[in-house]
Structures are given as structure tokens and as C-alpha cells.
Amino acid sequence: MTIKFPNDFLWGGAIAANQVEGAYREDGKGLSSSDCTPNGLFGDIVDRNQNNITGIKDRAIDFYHRYPEDIALFAEMGFTCLRLSIAWTRIFPNGDETQPNEKGLAFYDRLFDEMEKYNITPLVTLSHYEMPYYLITQYGGWGNRKVIEFFTRYAKTVFERYKNKVKYWLTFNEINMSLHEPFTGVGLARNSTKEQIYQAIHHQLVASSQAVKLCHEIIPDAKIGNMLLGAVAYPLTPKPEDVWATHNENHGWLFFGDVQTRGYYPTYMRRYFKENNININITDQDKEDLKSTVDFVSFSYYMSCCGTSDDSLRQKGNILDMVPNPYLKASEWGWQIDPTGIRYLLNLLYERFQKPLFIVENGLGAKDEVQPDGSINDDYRIDYMNDHLVQVHEAIEDGVEVLGYTSWGPIDLISASKAEVTKRYGFIYVDLNQDGSGSLQRRPKKSFYWYQSVIKSNGQTLKIKSSNE
Ligand code: BG6
């Protein structure tokens, strides 16, 4: 079979403001929750108003100043799309101001104009793992209903400002992650109760649907989606208890997509709340707001996992605690590699949501070695991505509508979980060490040319391997 993706398939990469931009207090930017977790979202929470320790994310890869060079490299690879996020704190530094910060707005104008030069379509996430730190300390994060209003003010501001430049939007990155890391997800303390976390999540779901409504009003020709961490679980064994535990495990994250695509809370979630004595304040107006559903569903996919009724088998995975699959190999970071999982997930989500899908993160975090001649031969990354893309194509053949694929971290960036630099995802190497030293010079890896040929041929150069390869 020859591989060929749809003609209008969007090819590109995905980055997030707090993992690339740096310039963390420049041009009026306020402190964000990400600035206050300098060692990554699993690291200590540091109030940097009191204790301004520095962190690798403060400069990151200095995309704030070097974006023209980076966009040119993305264009050289043939990108037709770049997923990026706007740092809320560049636009509203504290989050509760009534007037936006013009310098922050101007930065993204310059960035979108640069992309336009190369016909790269922006796909913009409104909130990627960060919020104004001030809203956490002064208002209690998303636990406070008022934050919905601050968020929609921010969303309205950027929709109005960029309405002629940005036609693809996402609301909250990996919205289901808050259940596992509430500080980063909803600005709550890590020891918050389930009830507090679900209440904050509810506010975020309402804010997401209000943003969808605003986007449709302000930019009628735009499409706006949600973003899920695609943590698909297979039953560890055919034991009925394991199958049911897996069903519940998948409901734990599919629930977010159900609300965002159907416009109401599913019955299984209402039962879960009742049985666990979780009381959520949902107003009539909230119910009305939730009816504004997304145009498409986007997700990240790095690995699959297993579901079991035996909780003691859980291990730390990406953001979640996961049960490993005995049939799969893992990356250097223990993330299990399962290309078939992306086909399975695409089919599952399409059948469930009946909305177009967008793969907005996928990739391999690995240690790269620069050879004496300066080359970086990242065949492992090429293999990983080749095998996943072959399965994406299979899913398209299965009938799944896939809008595009933006691989995670097309340029090396700071990893989210532990703020590591050694965990590299890029097609472009960045000379940066964990202690912050390094010239920040950019250099294409072998995968750069590989991805360039995949995009140019619209997938035809992908290799279908026999099962023993
Ligand atoms: C996703 C996030 O969970 O995974 C990204 O949306 C993140 O922000 C990516 O970088 C990979 O995780 P990590 O920890 O390897 O950077």
C-alpha cells in the first residue's frame, strides 16, 4: 500500500510558551504558575515574589528573541502548521487587569506575521500549563468562579486582536491533567480534595465553553477545539474486574471530552460524584454555557497503558501513574512505545465524539549525542515517528477524519514534567545544558531532513515495516 495523506492535511510541530519563550519578566510579563515551578510541574512550588531563585525556563531556548530563525527552520522543513500557546501573563500580567499589556500583544503580532510570511497556519492554545500566579495567591486559582471572567476577558482580547491572523484555536492544554497535577492544571494546592479539584475543573469547563462561544462570535470562520491527554488504557488481563477498571480509567479522562463535545455532564460522572460524596456547584447558567461545544477534538499521545483492579501495579508515567504493558518496550524515560495505540485512540475518539480530530502532540523524548563532525543521528526518533505516522494513516483509511499532526517539540525545549533539557524531542538541536550554559545555537538533526521529506511527499516516504523489523 502506498501512503498518502489527505491533500489539506496540516503538518507541523507544537510548542508551548513557557517551554520555549524565556524572557520571563520582559515587556511587562507577569509571573505565571509555570515560573513558580522552576523544576517542572512535579517540582517544588516557589513563590518567586518572596524567593526569586532562577530556573532554566526563565531563558528557556529564548524563542522570544530568536523566533524568526526558528520559524525559518520550521518553514525549511515544510511546516504548514505550528501549534503554539500564548502566555496569558504577557497579555494580563496579574490576570485581573481590565486593560491588556500592549507589549505582550505586539509580540504575538510579530510572531504570527513571521509565520504568515511562510504560509504557516497558527494553531493557538489559550492556556498551556500556566496561569497568572497572582490569580492563584489572590483568588485561589480556578477554585474561584471569578477566574472564569478573567479568562474570558483574556480570550476575548486575543480573539479580537488576532481575528485576521489565527483561525485555529484550542482552549486548555490536556484539560484532564488537573486530576493529577492540580497546581499546574487549575492553580490549586496539591493536597486539595477531589471535590475542590472537580469544582475548579467545572469552572474551567465553563470557561472553555464560553471561549468557544466568543470565538464563534468574534471569528465566525475560525475553528476551536479542546485538548485531551490521550491516556488510553487497555485491560491488563481479560479478568472482568480488570476490564471494568479499564473502562472506568478511560472514563476518567474521556469525561472531559464528553462534556466538551456533548455539552453536558454524562450520567456516569454524576453517579461517580454522588457515590464519592463530591458536591459540585453547577448553576443553570453553567448548564446553558456548556452547550457551546467544540468544533474538533485535539489530543496528545505518547504512550498507552493498562487498566487493572490492582492499584498496587501503578508506576509513574507521563503525567499520570500508569500500569505498564508487558508487551511494549519503553523510552529512556520509561514511556512505553505503542504506535498501534494511536490508531486505536483515533478510532475510539472518532467513534465516541463524531468530531474531526487533530493530533497536536506526539514524539519521543530522548538523549541526543552530537558527533565529532557535529551531526546528530537520531534514528530512534525517526523510527518512533515513522511508526506512529504509519498508524495515523491507517486510521485515516479506517475512516477517521484527521485534520493534522503537530509533533511535540520540533525544536528542543524544556520538558514540562521536570524542566529537563536533556530530554530532547526536536528535529532541531539547541545547544543548551541543564546548568543553563550553552550558546543556544540551533542545528538540524538527521530527523530534520527525514520529516522534511515526509511532509514534502505528503507521507509517501514513510516506511511500512514488516512485523519482525
Ligand atoms: C504533554 C504536555 O503532557 O507532554 C507538554 O502538553 C509536555 O507540555 C509533553 O512537554 C511532554 O512531556 P515532558 O515532561 O517530557 O516535557
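The legends below describe views of a predicted model.

**Figure 1. Overall fold of the predicted protein model.**
The protein contains 14 helices and 14 strands. Its radius of gyration is 21 Å, close to the 23 Å that the globule rule gives for 469 residues, so the protein is as compact as a globular protein of that length. Taken along the principal axes, the box filled by the C-alpha atoms is roughly 60 × 55 × 45 Å. Of the contacts in the protein with a separation of 6 or more, 76% are between residues 24 or more positions apart.

**Figure 2. Surface and charges of the protein.**
Of the 469 residues in the protein, 60% are buried. The accessible surface comes to about 18400 Å², and carbon and sulfur atoms account for 47% of this area. The protein has 49 positive and 60 negative charges, and the mean positions of the two sets are 2 Å apart.

**Figure 3. Close-up of Glu-361, annotated as "active site" in UniProt.**
The annotation comes from an unreviewed UniProt entry. Glu-361 is found in strand S11, which spans residues 357-361. Its relative accessibility is 4%, under the 20% limit, so Glu-361 counts as buried.

**Figure 4. Contacts of Glu-361.**
Neighbours within four places in sequence are left aside here. Residues in contact with Glu-361 include Arg-83, His-128, Asn-173 and Glu-174. Also in contact with Glu-361 are Met-227 and the run Phe-299, Ser-300, Tyr-301 and Tyr-302. Thr-406 and Trp-408 are further contacts of Glu-361.

**Figure 5. Close-up of Glu-174, a contact of Glu-361.**
Glu-174 is found in the loop between strand S4 (168-172) and helix H7 (182-186). Phi of Glu-174 is near 40 degrees, a positive value in a residue other than glycine. At 3% relative accessibility, Glu-174 counts as buried. Glu-174 in this loop is thus shown with its partner Glu-361 in strand S11.

**Figure 6. Close-up of Tyr-129 in a loop.**
The loop that holds Tyr-129 runs between strand S3 (121-127) and helix H5 (133-139). Tyr-129 has a positive phi, near 55 degrees, and is a residue other than glycine. With a relative accessibility of 8%, Tyr-129 counts as buried.

Technical notes. Residues numbered from 1 in each chain as written. Predicted model: local features only at pLDDT ≥ 70, side-chain atom pairs only at ≥ 80, totals over all residues. Heavy atoms only, no water. Helix = DSSP H or I, 4+ residues; strand = E, 2+ residues; numbered from the N terminus. Rg over C-alpha atoms; globule rule 2.2 N^0.38 Å. Buried < 20%, exposed > 50% of the residue type's maximum accessible area, 1.4 Å probe, protein only. Contact = heavy atoms within 4.5 Å. Areas by Shrake-Rupley, 256 points an atom, 1.4 Å probe, with all protein chains shown as cover. Lys, Arg positive; Asp, Glu negative; His and termini not counted. Charge placed at Lys NZ, Arg CZ, Asp CG, Glu CD. UniProt positions renumbered as here; feature names shortened; annotations may be inferred.
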